[in-house]
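This report concerns one structure and its bound ligand. Please examine the sequence and model below before reading on.

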Amino acid sequence: MYILLSIFLILTVTELIFILNNKLILRFSMFDVQDKVSNQVFSHILDARLKFFYKQRSGDLINLLTNDVNRGFCCIKHLLDIIRWSIFICGYICISLLLLPVYTFGLLAIIAVIMLVFKKASPYLYSLGQDNLRAQEDASNIIVETMQGFRSIVLACAQDIHKSKFKEIIHRFYYTIYNNTWITSSVQPFMRFLSFLLLALVILFNKRTLLGGDPAYFSKMFFFIYVTGNIFRGLGIINSLYSSFAFNYEGVLVLLKTDEELKAMKINVPSIDRGIRSFSRMIEVKNLSFGYGSGESEVFTDLTFTVQASRKVAFAGSSGSGKSTLIDVISGFHDDYKGSILVDGEELKNIDKKDWRQLLGYVSQETFIFNDTIENNLLFGFQRKIGKEEIIQACKNAQIYDTIMSFAKKFDTELGERGVRLSGGEKQRLAIARLFLKDPLIVLLDEATSSLDSESVKRVKEALNSLSQGRTVIAASHRLSTIGDFDAIHILEKGRLVESGSHAQLLARKGYYFRYYTIQTMEDNR
Ligand SMILES: Nc1ncnc2c1ncn2[C@@H]1O[C@H](COP(=O)(O)OP(=O)(O)OP(=O)(O)O)[C@@H](O)[C@H]1O
Ligand SMILES: [Mg+2]
């Protein structure tokens, strides 16, 4: 009797603890786990090497930071509830062992069979979860792709193909949810049905003893029925929680795997602070080699060259020869290069990349514009306070001021997603205006004018010339007319430096540069 009462007391206290802790547990899993995990993964994304993004689909990352983190939260919650119900079931089994041991052993055998059946079903539940996750990622990716590639999709008349692709993905997504919901919600009624069936059989087989009128046996049986009902209810809940757990579990695995990958892809932070605040002598590149990944051949091999401070150095060569990759390596996006890059004698790998990038200004063919106002785009990332006069002067230097003034809302004009409000040349001049505000010591240019019409090229070139005054410039270009006045020009072919010199020296050599120059001059004169 006392044992029975103690078990009930333990179960009541357990329930009370769970009720009291529910808020605490939810708070812990929501804020301390969910919140922190999202922030941690997001910050790892921002610290990753550029390589990471080349093999990652945008939709997968969106999913990872929202849905997968939420799946993790569901798993924690379900696990805690499974523990809670397991304690109850153990308690009820102890009670029924005290009441009717023989029946309880029979009951345990039935429970074991039920659990075995569920174990058999678990691979299906896990694969359902995986299918659901893949479908969700595919759906996010196709949405992102449609937004980014809208123009190409419409011009290729591929709307119908895209629509049916989306239809198939969404069908897959909801089909997995439908199956999981069906299983999860059927488990509990099924268990209740089983418990009614079993208890009816027990009553049927004990009809005589029960009707015999032994009040002690009657109350034992009554109690046993009550306890068994609860055990089956608990089993039903555990199994439906488990189905839900298995459904969400894949998201947790993906989250953990991606976080591990991100940590491995992290740009190394030097252990000793080699903060670099200025650049006054030179960048020395010695035997530099770099490749995009294991199994892939090196993009460039054994490059050796020097860039003196305040000089203009260009890299030219055929498409795919590695010019943009070289600019990315110098910018500090890839620190897993072989050889060395010495900045005023200090190895780039040992320099804090934040400090290094404070010294850099970067203009590329594709200027990224944030979905914000012109002013906020100009001020993006600056810690210091910048006055209106300074902004206006920077815009005038970059030859974008008149364009901004022609807009009704001037500096408050919203530029839309990826700056759709501006033309390619205007975006570039806006980026150049940012660099006038940043006032970098080193300017990196990657094919900055190649996609523009001749009028825009002229304006962007003027802006770039004015920006380059008194600064070190490293440029990648295959338009030789834009780099003719550079102090040194290096020709990259298939990842190797094949020629170096000034415009006049290279022309006199009658090698690669001479050939490119002759072809381009003929094209320009046509
Ligand atoms: N993210 C990437 N992953 C794997 N390989 C890449 C990646 N980006 C570029 N490459 C490869 O590296 C090589 C050099 O590319 P890169 O863009 O540096 O050439 P480039 O000289 O700038 O060409 P272009 O003149 O056409 O701009 C190419 O063979 C390209 O296929
Ligand atoms: Mg390039």
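The following text describes the ligand site, one helix and an aromatic pair.

The model is predicted: local features need pLDDT of at least 70, side-chain atom pairs count only at pLDDT 80 or more, and totals for chains, interfaces and linings use all residues. Residues are numbered from 1 along each chain, and side-chain values use heavy atoms, without hydrogens and water.

**Ligand site.** Thirteen residues surround ligand 1, and Tyr54, Ser319, Lys323, Ser324 and Thr325 come nearest; a residue is near if one of its heavy atoms lies within 4 Å. Polar contacts (pairs of N or O atoms within 3.5 Å) to oxygen atoms of the ligand are listed here.

| Residue | Polar atom in | Distance to ligand 1 oxygen |
|---|---|---|
| Ser319 | side chain | 2.5 Å |
| Gly320 | backbone | 2.8 Å |
| Ser324 | side chain | 2.7 Å |

Taken alone, ligand 1 exposes 640 Å², of which the protein buries 64% (Shrake-Rupley method, 1.4 Å probe). Helix α9 (residues 323-331) gives the most to the shell, with three residues; helices are DSSP runs (H or I) of at least four residues.

**Helix α4.** The 48 residues of helix α4 (residues 101-148) should span 70 Å at 1.5 Å a residue, and the end C-alpha atoms are 68 Å apart, which agrees. The expected span is 1.5 Å times one less than the number of residues.

**Aromatic pairs.** The structure holds 18 aromatic pairs (ring centres within 6.5 Å; planes under 30 degrees apart are stacked, over 60 edge-to-face, the rest tilted). Tyr103 and Phe224 form a tilted pair, 5.8 Å centre to centre with 50° between the planes. This pair links Tyr103 in helix α4 with Phe224 in helix α8 (residues 215-264), 121 residues apart.

Notes:
Chains are lettered from A and ligands numbered from 1 in the order in which they are written. A polar contact is a pair of N or O atoms within 3.5 Å; within protein, one must be able to donate a hydrogen and the other to accept it, and residues adjacent in sequence count only if both atoms are side-chain atoms. Helices (H or I, at least four residues) and strands (E, at least two) are DSSP runs, numbered from the N terminus. Rings of Phe, Tyr and Trp (its six-membered ring) pair if their centres lie within 6.5 Å; planes under 30 degrees apart count as stacked, over 60 as edge-to-face and the rest as tilted.
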